[in-house]
Amino acid sequence: MLSRELLREQSDRVRELLAGRGIGPEALDSWLELDQKRRSSLVELEDLKRRRNEASKEIGKVKQQGGDAAAQIEEVAQLKGRIAELESQVAGVETGLEEAELGLPNLPHESVPVGEDESANRIERVVGEPRQFDFEPKAHWDLGPELGILDFERGAKIAGARFTAYFGAGARLERALINFMLELHTTEHGYTETLPPFIVNSTALVGTGQLPKFAEDLFRLEGHDYYLVPTAEVPVTNLHGNETLEESQLPLRYAAFTPCFRAEAGSYGKDVRGLIRQHQFNKVELVHVATPETSWDELELLTANAEKVLQLLELPYQVVTLSTGDMSFASAKTYDLEVWLPGQEAYREISSCSNCTDYQARRANIRYRPAEGGKARFAHTLNGSGLAVGRTLVAVLENYQQADGTVTIPEALRPFMGGLEKIE
RNA sequence: GGAGGGGUGGCUGAGUGGUCGAAAGCACCGGUCUUGAAAACCGGCGUCGGUUCACGCCGACCGCGGGUUCGAAUCCCGCCCCCUCCGCCA
């Protein structure tokens, strides 16, 4: 959520920045109109209430002295009608304002390339080199079933399309990746591990920005205000919702493993094969809560921590700054980590690291009290995958495949695989 | 799922229809005193919104939402959350 002060006082700048995100000027203009209306009605309403309160006090006094307060009672009765009218009017305008505000995305940081879509993304760096194969590398959707470790048919049988069953070394590899990532982040990178609920309520989803606008992307439990988490960003960021932290506690850095559930509405026909786009996948998520002064440094740190996973696994990747048109709703700036997949001969997203500045903090009401005292301020929240586990497994299978169809286990993972060196 | 208890300011905790935004204590901030500190004493100390050049003024808020009343923290209705016991389970 953007602050009302900002929308009012810097409307031209906001209008321009929103345009970069594909939001037309009417969104802000209708908000400004409602805001104006709200304030003018409020002035009248509060004036009437003041008069009503005064009259009530007079009634109390008069009655205490045994007098007749009929005149004041009559006046209050008359005020009542107009007050009720204005109250419902203000409430309606307020609802409209809130709806409008919840529908506005965060403003992009000045360093974000302006553009309509991913074609405007900016490659920041390319790390590692794609391996040269002396045979035709296979895609994981062939490798996995051939090794007997991934079973797309049986996944579909028990759930449907975009669900997969893992077996044997495949299941173990997924678990090893989870443990490897969590160990790295909690020990070397100093994160606090957290294991949140995998189900959240709508308040949490509004807090991080998935609701109300993106309900169709979520799985909702029938008959409940419960949703399966689409990412650990939701439960973990909301952990401190409606809290005022002390500045000395910041930055908070959390690492969380959770499964993620996404309806993938509108992605029909996209990545239909393999593990790339599933309704359920595992992820180790990194979440930071920081002060405004440090959040941009925190974004670099978070991204570097996520990159470390790829480096230790010796997987080639590139880092991309998403353009204004490609960024997620709550983000002010996002780096995507894209890993090289030989089976597709392409870099594919494996992590998305964002600074949401105070946007989510406003929605979720996450504040902190400055060390020097004074009024509580909104914190900045950041999140990033560290990493998407299913896609990491894909990258391992495809990058470490051998000519004979076996897959070598990356050195860094072997301790988590009971010393296993090869899947065959 | 059943029965009971409870949600008041940072904390503890008064307050059952009228000047209550709310006693008191603690915590915190400022001052007096002191070589310094502590103690003692004095004063200050909620949030949000609106308005004002400003001082300030006004409105709202005692879990949330409705209702009764001239007037509600106090009465009524619905909901949420927490605690205890029973049942059921992991």
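This is a short talk on chain A of a predicted model, going from its overall layout to a handful of individual residues.

Let me begin with the fold as a whole, since the later details are easier to place once the frame is clear. The secondary structure of chain A consists of 12 helices and 17 strands, and its C-alpha trace spans about 100 × 45 × 45 Å along the principal axes. The domain assignment divides the chain into domain 1, covering 4-102, and domain 2, covering 118-423, and the C-alpha centres of domain 1 and domain 2 are 44 Å apart.

Turning to packing, chain A has 424 residues, of which 50% count as buried. If we take the contacts between residues at least 6 apart in sequence, 73% of them join residues at least 24 apart. The area that chain A exposes comes to about 20,000 Å², with carbon and sulfur atoms supplying 48% of it. As for charge, there are 46 positive and 67 negative charges in chain A, and the mean positions of these two sets are separated by 5 Å.

Now to the aromatic residues. A pair of aromatic rings is described by the distance of the centres and the angle of the planes. The structure holds five aromatic pairs, and I will describe two of them. For F329 and Y359 the ring centres are 6.0 Å apart and the planes stand at 90°, so this pair is edge-to-face. The pair links distant parts of the chain, given that F329 sits in the loop between β10 (317-321) and β11 (333-341) while Y359 belongs to helix α11 (residues 359-364), 30 residues apart. Both F329 and Y359 are buried. In the other pair, W340 and Y347, the ring centres are 5.1 Å apart and the planes are at 70°, and because an angle over 60 degrees counts as edge-to-face, this pair too receives that label. W340 is buried, at 16% relative accessibility. Beyond the individual pairs, F214, F329 and Y359 are linked by ring pairs into a cluster.

Which residues does the buried Y191 touch, once those up to four places away in sequence are set aside? The contacts of Y191 are H185, T186, R253, Y254, A255, L286, H288, L302 and N305. Y191 itself is placed in the loop between α7 (168-188) and β4 (192-193), and its relative accessible area is 4%, so it falls under the 20% limit for a buried residue. By contrast with those contacts, the C-alpha atoms of Y191 and V114, which are 77 residues apart along the chain, are separated by 33 Å.

Two further buried residues deserve a word. G144, in helix α5 (residues 140-147), has a relative accessibility of 0% and counts as buried. Apart from neighbours within four places in sequence, G144 is in contact with I149 and L150, and its C-alpha atom is 7.9 Å from that of G170, 26 residues away along the chain. S11, which lies in helix α2 (residues 11-20), is buried with a relative accessible area of 15%, and, again leaving out residues up to four places away, S11 touches L6, L28 and L32.

Finally, the backbone. Most residues other than glycine have a negative phi, and most peptide bonds are trans. Against that background, a cis peptide bond joins L250 and P251, with omega about -5°, and P251 is found in the loop between β7 (243-246) and β8 (252-261). Another cis peptide bond joins G386 and L387, where omega is about 10°, and L387 lies in strand β15 (residues 380-388).

As to phi, E264 has a positive value near 55° without being a glycine, and E314 likewise has a positive phi of about 55° although it is not a glycine. Are these two glutamates buried or exposed? E264, in the loop between β8 and β9 (280-290), counts as buried at 14% relative accessibility, whereas E314, in the loop between α10 (295-312) and β10, counts as exposed at 55%.

Technical notes: Residues numbered from 1 in each chain as written. Chains lettered and ligands numbered in written order. Predicted model: local features only at pLDDT ≥ 70, side-chain atom pairs only at ≥ 80, totals over all residues. Heavy atoms only, no water. Helix = DSSP H or I, 4+ residues; strand = E, 2+ residues; numbered from the N terminus. Buried < 20%, exposed > 50% of the residue type's maximum accessible area, 1.4 Å probe, protein only. Contact = heavy atoms within 4.5 Å. Areas by Shrake-Rupley, 256 points an atom, 1.4 Å probe, with all protein chains shown as cover. Lys, Arg positive; Asp, Glu negative; His and termini not counted. Charge placed at Lys NZ, Arg CZ, Asp CG, Glu CD. Domains from an automatic or database assignment. Phe/Tyr/Trp six-rings, centres within 6.5 Å; stacked < 30°, edge-to-face > 60°.
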